[in-house]
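Reader: I should like to understand how the descriptive terms applied to this structure are justified. Please set each value against its criterion.

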2 protein chains.
Amino acid sequence: MVTIKQIAAELDVSPTTVSNVIHGNTKEVSPQTIQRVRKKIEELQYIPNMNARSLARSSSKMIGLIIRYPTMEGKNVVQDPFNSELIGVIENEVRKLGYFLMLYASDKADEIQKMAITWNVDGIISLGLNAAECRKMKENLKIPLVFIDCYFQDDDESYTNVGLKDRECAKRITEYLIGMGHKKIAFLADNLVGVDYERWQGYREALEEHRIPVQKDSFFQIGFGTAGIIETYDKVFRRISEFTALFFASDYYASFAVNYFYDKGIRVPEDISVVGFDDNIFARNTRPRLTTMRQNPSEKGRTAVAQVLRLIKGERIPVLNIRLDAELVIRDSVMDIRK
Amino acid sequence: MVTIKQIAAELDVSPTTVSNVIHGNTKEVSPQTIQRVRKKIEELQYIPNMNARSLARSSSKMIGLIIRYPTMEGKNVVQDPFNSELIGVIENEVRKLGYFLMLYASDKADEIQKMAITWNVDGIISLGLNAAECRKMKENLKIPLVFIDCYFQDDDESYTNVGLKDRECAKRITEYLIGMGHKKIAFLADNLVGVDYERWQGYREALEEHRIPVQKDSFFQIGFGTAGIIETYDKVFRRISEFTALFFASDYYASFAVNYFYDKGIRVPEDISVVGFDDNIFARNTRPRLTTMRQNPSEKGRTAVAQVLRLIKGERIPVLNIRLDAELVIRDSVMDIRK
DNA sequence: TTGAAAGCGCTAACAA
DNA sequence: TTGTTAGCGCTTTCAA
């Protein structure tokens, strides 16, 4: 391992000088020396020791990506393409900006805190944690913190978040459904918190504005795992005549439903219309293709990284709570039932 | 930030003692002192500084996960569920064993090397790199190195690899096809190196053993991106009458094909039989459901982590090149065409 | 323009 | 059983 000391020794200069050259404190060093040092660094293939550097300064050039990942085998096999793309983009951005990514899957605030302190990470991006978890992190950690897709009840907007206009977008696709003559629309999600709550609200707002009564039992909570999903869909199936359209909070569930109906001999969209949300691979890889709202995970990831970096550099962030837009993609899973 | 020194000071013992307690060098410390130190650590919420620790010893408790990730937006949107699950499992295992995961997406040996040295990582797991890249890493890096799904031409088995019995498994599913009366079987993959080469070989062996001539033009190289796939499938479509079955090197392509054929009015399996490989979400999320070979990404990930850890601990590894098995899953995409 | 020296927090050899 | 001390590689202040 080549060290600064070695380089200094070979060149008969001090470590300080070498360090200065490395960090581009070029005004303090003569052009000559700079050249010599640079050459030597190249020649000896010097690679800095980040552990030493992190120790000396109090920062590490490391960004922690906290994520709630499906950790139980078999369960939770919803290999969410959204997460997947996001991780890829974030790693990429982080690296491009000269930082490193520590991936850490946990939802326990104290564990996360430990990790952050133990490694001296410069900032954290948190993905898929709920509001309570995010809030705890925020309380405990004194470092730059950016959340993705988190909704905080208390509209204390001191959280830096990158999200989506979930409510507005859900409203838009519901309005599309209404525009196609649908009035009896069910909403399906695996919970009603955070992102899904917002989508649900959007759905309700659309109905209300069109004077369509929102039935209590037009919400279905999708059960856990394949068995849970099927159980829920069985319920829907029994009451299928009550609805003309189904709004799923995510493409995965919508796509699963389309296949479920296929197995039951129910035609989409002839017998029932279906819309999803996200426009991921499932939407395109289903027949009929899903009508859905397209969001851009890459943009989310890039924005999140940009935000932590601003925070790290101490810049003031004008908009703390960024909400990206999504776009209605009309495909083949909705029928026009206006006469 | 609480340091060992502080704890030592408050207890009026030396840092060494504290360090010893922390590392369980308990035989050198009196039970009394141990208790006191433990209490203080708890009380002060001491969290070790890994940078300092890494610097002092020459190891970091960090494992690098090198991966070739789809970095270009839009392109490469094959959000491979396999990769996704693997990353999750590896992070989980690594963490359970008290290590940390640095995620690094690159295929350039020198960049990887730099990362490894700069952070002093204890070991590396490499995912999705080709043989040449792996070999370079192996040459340059002196640290424990485990590859996933790599095939090295030179049967120099000094590489630690965790793979699949690709050839054998591909042969098995081909034999199943043959058993169902198929003789005119095409093989489709996006390349013929590494894993896919082995699968192709398995396919060929099965045919040869059953005295079925292997036609040169029964291999289709699938093009890049959605456009590339469709272009390839158009070719297949034109020659569809030449085949009774299609063997895709992965579920993603098989699933895409099923949908493609649906759009063209070709029925699977009535008009053409289709098999995939992997048994991931695509296989189950397609109608008809895909007949395929089921592999277990979680097992792969766990095994890989176990191997690096053995290497790190200096244990001798009995089997360097582990090849896991896969299982034939018969579903609805193959027709029995024996009369 | 350059260098000496102290210190970041922790470990480990050695001494007491 | 406990403590002293040097040092890991780098940064940074301050002096030369």
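Reader: Which residue just after α3(B) takes a positive phi?

Author: In this predicted model, Q45(B) takes a positive phi of about 55 degrees, and Q45(B) lies just after α3(B).

Reader: What makes the span of helix α3 of chain B close to the one expected?

Author: Helix α3 of chain B covers residues 31–44, which is 14 residues. The expected span is 1.5 Å times one less than the number of residues. From first C-alpha to last, the helix reaches 20 Å, and the expected value is 20 Å, so the span is close to expectation.

Reader: How do you know that β2(A) and strand β2 of chain B pair?

Author: Pairing requires at least two bridges. These two strands have 3 bridges, in the antiparallel sense, and therefore they count as paired. Within β2(B), M102(B) is the bridge partner of M102(A).

Reader: How many residues of chain A are in contact with chain B, and which element gives the most?

Author: Contact means C-beta atoms within 7 Å; by that criterion, 41 residues of chain A are in contact with 41 residues of chain B. On the side of chain A, α5(A) gives the most, with 7 residues. By class, that side has 20 nonpolar, 15 polar and 6 charged residues.

Reader: What makes a residue count as near DNA strand C, and how many surround that strand?

Author: The C-beta atom must lie within 6 Å of the strand. DNA strand C is surrounded by 26 residues, and the closest are V13(A), S14(A), T3(B), A52(B) and A56(B). By class, this surface has 13 nonpolar, 9 polar and 4 charged residues.

Note on methods:
Residues are numbered from 1 along each chain as its sequence is written. Chains are lettered from A and ligands numbered from 1 in the order in which they are written. This is a predicted model: local features need pLDDT of at least 70, side-chain atom pairs count only at pLDDT 80 or more; totals for chains, interfaces and linings use all residues. Helices (H or I, at least four residues) and strands (E, at least two) are DSSP runs, numbered from the N terminus. Two residues are in contact if their C-beta atoms, placed from the backbone, lie within 7 Å. Ala, Val, Leu, Ile, Met, Phe, Trp, Tyr, Cys and Pro count as nonpolar, Asp, Glu, Lys and Arg as charged, and the others, Gly among them, as polar.
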